Amino acid sequence: MKTFFTILITLIICLSAEAFTTSTTTNAAALPPTQASWTTSSSTSLQMTVLSYNGKKKDFKAGSPLKTAVAQLGVKPRYSCKKGECATCQISLAGRMTKPCVAKVPPEPTLKSLKEKGLEIKA
Ligand code: FES
């Protein structure tokens with residue numbers, strides 16, 4: 001009789017453990033694929049940076065070539081080597097001397113005032 005109860009309790013434990021594992025996998029599989037892809041895309045969302053020159057402001061994708069960004073703002077630096085060696089094209093971007101021939105648009109600043117005002121370019 002004692003062995004019967006032992007076997008019965010063991011059987012109940014095994015069934016309940018199996019029920020938990022199947023319910024967990026069912027929930028994971030039940031997630032819609034669109035929701036999973038939405039979560040992935042939000043982590044790789046586009047980060048835009050506001051650049052300004054002579055009162056003109058424009059949004060640019062962070063990491064895009066700075067050369068095209070400054071051209072769209074109307075800045076016309078002189079280019080010589082176009083390799084980042086001669087510093088002929090240097091401009092001031094948010095107070096830092098930058099070579100637009102090789103530089104990328106920096107990520108958006110974390111300060112709220114700079115986000116609204118944009119990173120100032122001085123040629
Ligand atoms: S053109 Fe020479 S450093 Fe930019």
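With 13 C-beta neighbours inside 10 Å, T88 counts as partly exposed. The model in which this residue sits is predicted. T88 has its place in the loop between α3 and β3 (91–93). Leaving out residues up to four places away in sequence, T88 touches R78, Y79 and S80. P77 is eleven residues from T88 in sequence, and the two C-alpha atoms are 8.0 Å apart in space.

**The chain as a whole**

The chain holds four helices and five strands. Read from the N terminus, its elements follow the order α-α-β-β-α-β-β-α-β. Of its 123 residues, 15% count as buried. Among contacts between residues at least 6 apart in sequence, 51% join residues at least 24 apart.

**The sheet**

The five strands make an open sheet with mixed pairing, in the order β2-β1-β5-β3-β4. Its edge strands are β2 and β4, each of which pairs on one side only. On average, and with direction ignored, neighbouring strands of the sheet are turned by 35° against each other. In general, strands of a sheet pair through backbone hydrogen bonds, either parallel or antiparallel.

Strands β1 (residues 48–53) and β2 (residues 56–61) run antiparallel and are joined by six bridges. One of the paired residues is M48, whose bridge partner in β2 is K61. The two strands form a hairpin with two residues between them. N54, in the turn of this hairpin, has a positive phi of about 50°, although N54 is not a glycine. N54 counts as exposed because 11 other C-beta atoms lie within 10 Å.

Elsewhere in the sheet, β3 and β5 pair in the antiparallel sense over two bridges. There, S92 has K122 in β5 as its bridge partner.

**Helix α3 and the sheet**

Helix α3 lies across β1, β2, β3, β4 and β5, and runs at about 155° to β2. Which residues of α3 are buried? They are L66, A69 and V70. These residues are on the same side of α3, because they cover an arc of only 95° around the axis. As a general rule, an α-helix has 3.6 residues a turn, so residues three or four places apart point the same way.

The buried residues of α3 pack against β1, β2, β3, β4 (96–98) and β5. On the face turned away from the buried side, α3 carries the exposed residues T68 and Q72. After α3 comes G74, which has a positive phi near 95°.

**The nonpolar core**

In soluble globular proteins, nonpolar side chains tend to be buried together. Here the largest nonpolar core has eleven residues: L51, Y53, F60, L66, A69, V70, V75, L93, V105, L119 and I121. The elements that give two or more residues to this core are β1, α3 (66–73) and β5 (119–122). Of these, α3 gives the largest share, three residues.

L119 is one of the core residues. Which residues is L119 in contact with, leaving aside its neighbours within four places in sequence? The contacts of L119 are T49, V50, L51, S52, L93, A94, P106, P109 and L114. Two of these, L51 and L93, are listed in the core as well.

**Three loop residues**

K82, like T88, has its place in the loop between α3 and β3. K82 has a positive phi of about 60° although it is not a glycine. With 14 C-beta neighbours inside 10 Å, K82 counts as partly exposed. N54 lies in another stretch, the loop between β1 and β2. The table sets out the neighbour counts of these residues.

| Residue | C-beta neighbours inside 10 Å | Class |
|---|---|---|
| N54 | 11 C-beta atoms | exposed |
| K82 | 14 C-beta atoms | partly exposed |
| T88 | 13 C-beta atoms | partly exposed |

Why does N54 count as exposed? A residue is exposed if 12 or fewer other C-beta atoms lie within 10 Å of its own, and partly exposed between that and the buried limit of 20 or more. N54 has 11 such atoms and is therefore exposed. K82, with 14, counts as partly exposed, and so does T88, with 13.

Methods
Residues numbered from 1 in each chain as written. Predicted model: local features only at pLDDT ≥ 70, side-chain atom pairs only at ≥ 80, totals over all residues. Pairing = 2+ DSSP bridges. Core = buried A, V, L, I, M, F, W, Y, C linked by C-beta atoms within 7 Å. Contact = placed C-beta atoms within 7 Å. Arc of directions from axis to C-beta. Axes fitted to C-alpha atoms, helices over the stretch in contact; angles between N-to-C directions.
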